[in-house]
Amino acid sequence: IFILTSKLIFLRAEVEELSRREPDVIEITKYIGVTEPKEEESNTNAELMSLGIFTVTAYCPCVECSGGYGRQTATGSLAKAKHTVAVDPEVISMGTSYLRICCVISFGIIFFSLFEKLLQATGRSLYSTIGQVVGAVVNIVLDPIMIYGIGPVPEMGVKGAAYATVIGQVASAILLFVFHMKLNKEFEHDVKYMKPDSGIIKEIYAIGLPAIIAQALMSIMVYVMNLILKFSPSAQTAYGLFYKVQQFVLFLAFGLRDAITPIIAFSYGMHSKKRIKDGIRYGLIYTIVLMVIGVAITEIFPGEFAALFNAGASREYFIGAMRIISISFIFAGINVAYQGIYQALDGGMESLVISLLRQLIIILPLAGIFSFFVRGGHIGASLIWWAFPITEVTACIVGYLFLKRINKNKVESLN
């Protein structure tokens with residue numbers, strides 16, 4: 001792999017000769033915009049055609065660079081015409097180093113999540129927020145110091161960024177551990193209570209495993225959606241950009257879910273039907289209000305978001321996706337709230353079903369079917385975006401039925 005910055009100038013006669021000797025090369029020249037010479041044009045009158053200045057990332061098939069034609073690239077694939085091989089060995093090395101450090105020293109984020117939930121469970125969410133902010137500040141302060149090597153700290157580049165990240169996570173975990181030990185008097189901290197109990201472990205995974213699967217489904221859905229949109233790079237880019245906006249809006253719903261789950265769970269443990277119903281009611285109302293605000297912002301300012309994320313050639317696709325998919329935010333927020341309510345009332349399986357409906361069972365087959373009509377030229381790519389509102393509305397209806405059943409079987413039965 002090499003980087004070449006050059007002024008590409010092609011002589012028509014040379015292009016014609018090149019096409020006879022190297023078919024793959026002429027295919028690549030077609031791909032970047034060089035046309036073959038017309039028959040009536042004479043080689044003697046051929047003119048130079050300037051294509052401008054380009055920075056080209058290319059695969060060199062010579063013996064010296066790669067051992068000749070047919071050799072694999074750094075990713076294990078074969079270089080061929082009309083396919084871009086943009087693999088920088090330096091980037092691969094840096095990415096590998098960053099990932100290795102963050103994964104091997106991941107105990108910080110794991111224990112932070114543990115103590116965060118313990119504090120939330122006792123109604124002390126403020127302290128979990130303080131711990132999160134402290135970790136973020138530590139990360140921000142250490143980033144320039146460890147990346148560029150300020151003071152006695154050596155310059156570490158990307159590795160420094162990774163170490164700053166995990167140190168921030170460890171700082172958050174330690175602070176939340178202190179808060180937990182000092183403030184959570186509802187828990188017994190004696191060593192004897194740390195003995196594994198198969199019954200408790202089973203109860204934890206009965207609720208936690210569906211949440212684990214739900215998190216994994218998010219990555220699977222994004223990956224498969226990109227495969228479905230593979231026919232249009234612009235649509236792929238638009239979806240990737242919009243996904244960032246969508247997560248920003250839905251994080252509001254995730255935050256409220258994390259707030260109402262311990263409240264409802266605490267009330268459920270107290271056998272207080274009134275507090276459970278109030279938690280459900282106000283949790284849903286606040287979620288809907290925030291989602292309405294999110295829908296209004298994305299519907300009114302799609303052009304501004306396109307400029308913010310530099311959508312470029314994908315601008316129209318991005319704006320179309322935003323106007324259609326954002327309709328689903330209200331129902332998506334309700335579904336997220338439903339999942340928090342189910343988990344608070346020992347309804348882990350219901351939460352998993354909603355996740356499967358939203359991110360696998362309905363959305364992907366529906367988007368695949370719609371893409372078939374789009375690829376056939378019968379309708380524009382906007383049809384695919386409608387799969388999101390349809391999925392969220394359907395899941396919301398199922399979620400409401402689940403909520404009624406849980407309310408009847410678990411809430412109304414409380415004495």
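Reader: Looking at α8 and α15, in which kind of crossing does α8 pass α15, left-handed or right-handed?

Author: Right-handed: that is how α8 goes past α15 in this predicted model.

Reader: And at what angle do α8 and α15 pack?

Author: The angle between α8 and helix α15 (residues 363-375) is about 15 degrees, and their axes are 10 Å apart. Angles under 35 degrees count as roughly parallel, so α8 is roughly parallel to α15.

Reader: Which residues make that contact?

Author: From α8 come M221, V224, M225 and I228. On the α15 side you'll find I363, L364, A367, G368, S371 and R375. Sort the residues of this contact by type and you get seven nonpolar, two polar and one charged.

Reader: Let's try another pair. How do α9 and α10 pack?

Author: Helix α9 (residues 233-270) and α10 have their axes 9 Å apart, at an angle of about 175 degrees. Anything over 145 counts as roughly antiparallel, so that's the word for α9 relative to α10.

Reader: Which residues of α9 and α10 should I click on to see the contact?

Author: On α9, pick V245, V249, L250, L252, A253, L256, I260, I264, F266, S267, Y268 and M270. On α10, pick R275, I276, G279, I280, G283, Y286, T287, L290, M291, G294 and T298. Here the split is 16 nonpolar, six polar and one charged.

Reader: Now for charges. Why can side chains of opposite charge pair?

Author: The general idea is that such pairing can happen when the charged atoms come close. In this structure there are nine salt bridges. One of them joins R124 to E186, with 3.2 Å between the closest N and O atoms. R124 sits in the loop between α5 and α6 (125-148), while E186 sits in the loop between α7 (158-183) and α8 (198-228), so this pair ties together parts that are 62 residues apart in sequence.

Reader: Is E186 buried or exposed?

Author: Exposed: its relative accessible area is 52%, and the cut-off for that label is over 50%.

Reader: Which salt bridge does E299 form?

Author: The side chain of E299 meets that of R323, at 3.8 Å from N to O. R323 belongs to helix α12 (residues 315-325) and E299 to helix α10 (residues 273-300), so the bridge ties together parts 24 residues apart in sequence. R323 is partly exposed at 39% relative accessible area, and E299 is partly exposed too, at 23%.

Reader: Which residues are linked with K117 in a network of salt bridges?

Author: K117 is linked with R257 and D258. Within that group, the side chains of R257 and D258 meet at 3.5 Å, N to O. R257 is buried, with a relative accessible area of 18%, whereas D258 counts as partly exposed at 24%. Since buried means under 20%, those two values fall on opposite sides of the cut-off.

Reader: Last one: where does Q120 lie, and which residues does Q120 touch beyond its neighbours within four places in sequence?

Author: Q120 is part of helix α5 (residues 107-121). With those sequence neighbours set aside, Q120 is in contact with S125, S128, D258 and P262. You've just met D258, in the network with K117 and R257. As for accessibility, Q120 is at 10%, so Q120 counts as buried.

Terms used: Residues numbered from 1 in each chain as written. Predicted model: local features only at pLDDT ≥ 70, side-chain atom pairs only at ≥ 80, totals over all residues. Heavy atoms only, no water. Helix = DSSP H or I, 4+ residues; strand = E, 2+ residues; numbered from the N terminus. Buried < 20%, exposed > 50% of the residue type's maximum accessible area, 1.4 Å probe, protein only. Contact = heavy atoms within 4.5 Å. Salt bridge = Lys/Arg side-chain N within 4 Å of Asp/Glu carboxyl O. Axes fitted to C-alpha atoms, helices over the stretch in contact; angles between N-to-C directions. Parallel < 35°, antiparallel > 145°, perpendicular 65-115°, else oblique. Left-handed = near helix turned anticlockwise from the far one by under 90°. Nonpolar A, V, L, I, M, F, W, Y, C, P; charged D, E, K, R; others polar.
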